[in-house]
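Visitor: Please choose one part of this model and take me through it closely, then carry on outward to the other elements. I would like the residue names and the numbers as you go.

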Amino acid sequence: MTIPARATNSLPVSFERVRKTSLELASTLAPEDTVVQSMPDVSPTKWHLAHVTWFFERFVLEVFDDSYRRLNDGYDFLFNSYYYSAGQMHARPKRGMLTRPTLDEVIAYRRHVDAAIQQLLHERGDNTEITDRITLGINHEQQHQELLLTDILHVFAQNPLRPAVNPSLELPPSAAPASYAFITGPIGIQEVGAMGEGFYFDNETPRHPALLHEHQIGTRLVTNAEYREFIDAGGYHNSSLWLSDGWATINERGWNRPLYWAEDLASQYTLGGQRDIDPHAPVCHISYYEADAYARWAGARLPTEFEWEAAAASEEIAGNFLDAGHWTPAAADGSQLFGDVWEWTSSAYAPYPGFVPLDGSLGEYNCKFMCNQMTVRGGSCVTAADHIRASYRSFFYPDARWQFLGIRLAKDGGA
Ligand SMILES: [Fe+2]
């Protein structure tokens, strides 16, 4: 499959590549696979393919192109996700009830919107308001490409036959990493947030000073073998390691291992099917609660998002991304700050000082989620390589496990 590497300067080419990639990611699926919703957090593949298309229709074509005609008026209700200022929407937990439109009809919808966007770019590609909005749509679609894969992983994981989402994925190389080590991070006032170059989301702004205290940060991610030691040491049964909400959650839900690990702790379900657990690969599909408890057990803590950003700011953006074709975390080959797994931080997802959301409906994109969620950093093995940066903030509820989420440790004090 061809997946775009770094962004090209040509917006029509970037648009075409990102649109094509979404279909390629779904190319190993049968139409039946694309309809199912396995839990409210998960959206069906077909819905993702349609919703990202609706985003271009609603926020680009209907704003900037008077000649645009909808393919189907009903899609505005079906494929609006959460933009109340743009109108009413179909209930999120019922997205899996939509056998119609069919997958073929959704693909026809994509073609209809693709042609209109390309025509708009051809005619008014020098209008920065239009190109900025299309660039946002491209980045939005890349976010949904990651969700498409994490969501279909959850759907397939419900199937006792354990089919592979993509049977041709290549396993990454594996070798035992050096024992866990820390390096001293910068202290004092550090500038954090978007640098003002290239694309960034509103939640990365404004760039501002943050105070970092004396700390050390882990030189790699925590591995499956290290997490297994926590399990074997009775970590899931020791209340003193857990936040109150975490202890309640693991007991209510019966959690005693990462999501997708088999009961014998020997294999795990992946996008490539059921596979032996690689002891050297980063542990993933764990909640904030589990990451926090592991860190406490290890005599450490999770980094703040600004400690993480200070460590990542000078790093080349390289790592195990979607483009590598593994779609599973890989044993350490460097700092692992980018790629492999999103890293839980101890920072609540909150607005930066002086934050101003985007105007209009798009102000709903990030701003209204700034409550009760934790910030995660660095991208994962199913994030597009040209989508991530040091200032990038994603966010999940502390009990979320279906994303590629893992652990980097930090400590107070100097070396
Ligand atoms: Fe969306």
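**A close look at one loop residue**

Guide: Ser287 lies in the loop that runs from strand S6 (273-276) to helix H8 (288-297). Before we go further, please keep in mind that this is a predicted model. Ser287 has a relative accessible area of 0%, so it counts as buried. Leaving aside residues up to four places away in sequence, Ser287 touches Trp255, Trp344, Pro398, Asp399, Ala400 and Arg401. Those contacts give us two ways to go on: back along the chain to S6, and across to the strands listed with Trp344's part of the sequence.

Let's begin with S6, the strand at one end of the loop that holds Ser287. A hairpin of 2 residues connects S5 to S6, and the two strands run antiparallel, joined by 4 bridges. Within this pair, Thr270 is opposite Gly273 of S6. What do the side chains of strand S5 (residues 267-270) do? Ser267 and Tyr269 point one way, Gln268 and Thr270 point the other way, and all are buried.

Now for the second route. There is an open sheet of 4 strands with mixed pairing, in the order S9-S8-S7-S10. At its edges stand S9 and strand S10 (405-406); each has a single partner strand, so one side of each has no neighbour in the sheet. S9 runs antiparallel to strand S8 (residues 374-377), and 3 bridges join them. One facing pair here is Thr375 and Phe395, the latter in S9. Helix H9 (residues 305-312) packs on this sheet, where it touches strand S7 (342-348) and S8, and its direction makes about 15 degrees with that of S8.

Phe395 also leads us to a pocket. The second largest pocket has a volume of about 790 Å³. It is lined by 36 residues, and the closest to its centre are Tyr82, Arg92, Leu147, Phe395 and Phe396. Two or more lining residues come from each of helix H2 (45-64), H5 and strand S9 (394-396). H5 gives the most to this lining, with 7 residues.

H5 takes us on to the metal. Which atoms coordinate the iron ion? They are the NE2 atoms of His51, His140 and His144, at 2.2 Å. Along the sequence, the spacing of these donor residues is H-x88-H-x3-H. His140 and His144 both belong to helix H5 (residues 128-157) and are 4 residues apart, so about one helical turn separates them. Are these two histidines buried or exposed? His140 is buried because its relative accessible area is 3%, and His144 is buried too, with a value of 11%.

One more sheet rounds off the tour. In this open sheet, 3 strands pair antiparallel in the order S1-S4-S11. Strand S1 (182-184) and strand S11 (410-412) are at its edges with a single partner strand each, so one side of each lacks a neighbour in the sheet. On average, neighbouring strands of this sheet are turned by 25 degrees against each other, direction ignored. S1 and strand S4 (residues 215-218) run antiparallel and are joined by 3 bridges, with Phe182 opposite Gly218 in S4.

Methods. Residues numbered from 1 in each chain as written. Predicted model: local features only at pLDDT ≥ 70, side-chain atom pairs only at ≥ 80, totals over all residues. Heavy atoms only, no water. Buried < 20%, exposed > 50% of the residue type's maximum accessible area, 1.4 Å probe, protein only. Contact = heavy atoms within 4.5 Å. Pairing = 2+ DSSP bridges. Axes fitted to C-alpha atoms, helices over the stretch in contact; angles between N-to-C directions. Donors = N, O, S within 2.8 Å, 3.2 Å for Na, K, Ca; no water. 1 Å grid on protein atoms, 1.4 Å probe; cavity = no way out; pocket = protein on both sides within 12 Å on 5 of 7 lines; lining within 4 Å. Points joined across faces, edges and corners; volume = space filled by probe spheres on them.
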